[in-house]
Amino acid sequence: MTPPRAAARRAGTIAGPDPAGSAGLTAVLDAVPFACAAFDRRTGALQAANARFQGDLGTLPGHAQRDALLATLHGDLTGEARGDEVRAPGSGRWYALHWRDLDVDDVPLALLTAVDISERIETLDSHKSQQEKLLFTSRMMSVGEMAATLAHELNQPLAAIVNYLNGSLRLVEQAGGPVQVERALTAARTQAEHAAAVIARVREFVRAREPRRDAQDLPLIVDTVLELLRLEAERQQLRIELALAPALPQVYADRVMVEQVLLNLVKNAIEAMREVPAAQRGLRIEARVNLDDEIEVRVCDRGPGLSQAQSEQLFSPFYTTKSDGLGIGLAICRSIIEYHEGRLFFEARDGGGSVFGFTLPTPDRRL
Ligand SMILES: Nc1ncnc2c1ncn2[C@@H]1O[C@H](COP(=O)(O)OP(=O)(O)OP(=O)(O)O)[C@@H](O)[C@H]1O
Ligand SMILES: [Mg+2]
């Protein structure tokens, strides 16, 4: 990014509207190896600046006035700022700003040096993203290890449950009813088989570290999850409203993992409404294409919502307010959604309650 600076060097030093005997001052500023300028502390007007300042910051709107220049550098619209480290709009380079009061020939001046720290910031940013990646990997791995242990422990009893249920179903069929028992046993078997499928996928995932992603129909995923929760919803006299946008594109996802996320979110929503009077319990599942062309799924409840303090801890593993909760539902959801290059989010629902949502890419936008 040297061309503007070189041009500025050729152009030489600029002087402000009131030179204030600044010939000597400009000579001094020119000797400084950073962008450097002096402003009158009484009026804020630029008095003198070296060539580097002219090249780096001298073309910015308001550069001849201290406050206007700062507004440009710190402004929300054009510049980005991290404390005294600012990003110049246009060039996009980062500067560390230092101010020093200085009186020259009885003129009170504020001396600004702007040191170009772009390289340091770039290094920091790349370290940060490496750290984030590492953190993400370690989170995935600890969830993976935990899941592997659980999978190992649960596999046997689940297989036994399915066997017992099959046996019981046969007995009921032979005895010719009652039909309610048959239905309950079938529902229990569906649940157990789903649990087994989740566990099988988790084991596979831990082994291969590579879930199977392909194009999936979101409405089918929603159906599967609702089928698993139907009994619980009936028991709680809960209305579930579906608002899936028509002709929704497919999602690029591991089907069982997304089912797991949605199941966790809907379960949380149902649990959040345990204490709410039946007439007010309303659960709504929405899906639509968002402005980034991702599929956005939202689970909206009419529970008590979350305080600021609660919402900050929400995604930490083992944070729970339930006597029967493990506090890993949302942590797992987040790992899964991040794996899918999506976003898990929370917001307050209009009219009370919470919205938990996530985004997923469509097959054509996968990375
Ligand atoms: N829809 C919601 N409304 C209000 N609070 C919620 C909602 N969803 C989650 N929470 C809060 O976040 C906490 C963490 O949720 P998370 O799903 O991670 O764990 P859990 O539901 O407590 O246990 P489990 O591991 O069985 O899922 C909950 O205990 C609850 O306090
Ligand atoms: Mg939960």
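Colleague: What volume does the second largest pocket have?
Modeller: This is a predicted model, and the residues that line the second largest pocket include Gln-180, Arg-183, Thr-190, Glu-227 and Glu-234. For the space that this lining encloses, the computed volume of the second largest pocket is about 230 Å³.

Colleague: Which helix gives the most to the lining of the second largest pocket?
Modeller: Two helices, α6 (179-208) and α7 (218-235), each supply at least two residues of that lining, and the lining also draws at least three residues from each of domain 2 (129-210) and domain 3 (214-367). With six residues, the helix that gives the most is α6.

Colleague: How many residues in the lining of the second largest pocket are charged?
Modeller: Among the lining residues are Arg-183, Glu-227, Arg-230 and Glu-234, together with others such as Ala-184, Ala-187 and Leu-231. Divided by class, the lining has four nonpolar and three polar residues, and the number of charged residues is four.

Colleague: Turning to ligand 1, which helix supplies the largest share of the shell around it?
Modeller: The shell around ligand 1 takes at least two residues from each of α8 (255-272), α10 (329-339) and β14 (354-360). Of the 20 residues around the ligand, those that come nearest are Asn-268, Asp-301, Thr-320, Thr-321 and Lys-322. The largest share, four residues, comes from α8.

Colleague: Which residue has a side-chain N or O atom 3.4 Å from a nitrogen atom of ligand 1?
Modeller: Two of the polar contacts involve the backbone, since a backbone N or O atom of Gly-327 lies 2.9 Å from an oxygen atom of ligand 1, and a polar backbone atom of Gly-329 is 3.2 Å from an oxygen atom of the ligand. The contact at 3.4 Å joins a nitrogen atom of ligand 1 to the side chain of Ser-354.

Colleague: What percentage of the accessible area of ligand 1 does the protein cover?
Modeller: On its own, ligand 1 has 600 Å² of accessible area. The shell around the ligand is made up of nine nonpolar, eight polar and three charged residues. Of the area that ligand 1 has on its own, the protein covers 90%.

Methods. Residues numbered from 1 in each chain as written. Chains lettered and ligands numbered in written order. Predicted model: local features only at pLDDT ≥ 70, side-chain atom pairs only at ≥ 80, totals over all residues. Heavy atoms only, no water. 1 Å grid on protein atoms, 1.4 Å probe; cavity = no way out; pocket = protein on both sides within 12 Å on 5 of 7 lines; lining within 4 Å. Points joined across faces, edges and corners; volume = space filled by probe spheres on them. Nonpolar A, V, L, I, M, F, W, Y, C, P; charged D, E, K, R; others polar. Domains from an automatic or database assignment. Near = heavy atom within 4 Å. Polar contact = N/O pair within 3.5 Å; in protein donor to acceptor, adjacent residues only side chain to side chain. Areas by Shrake-Rupley, 256 points an atom, 1.4 Å probe, with all protein chains shown as cover.
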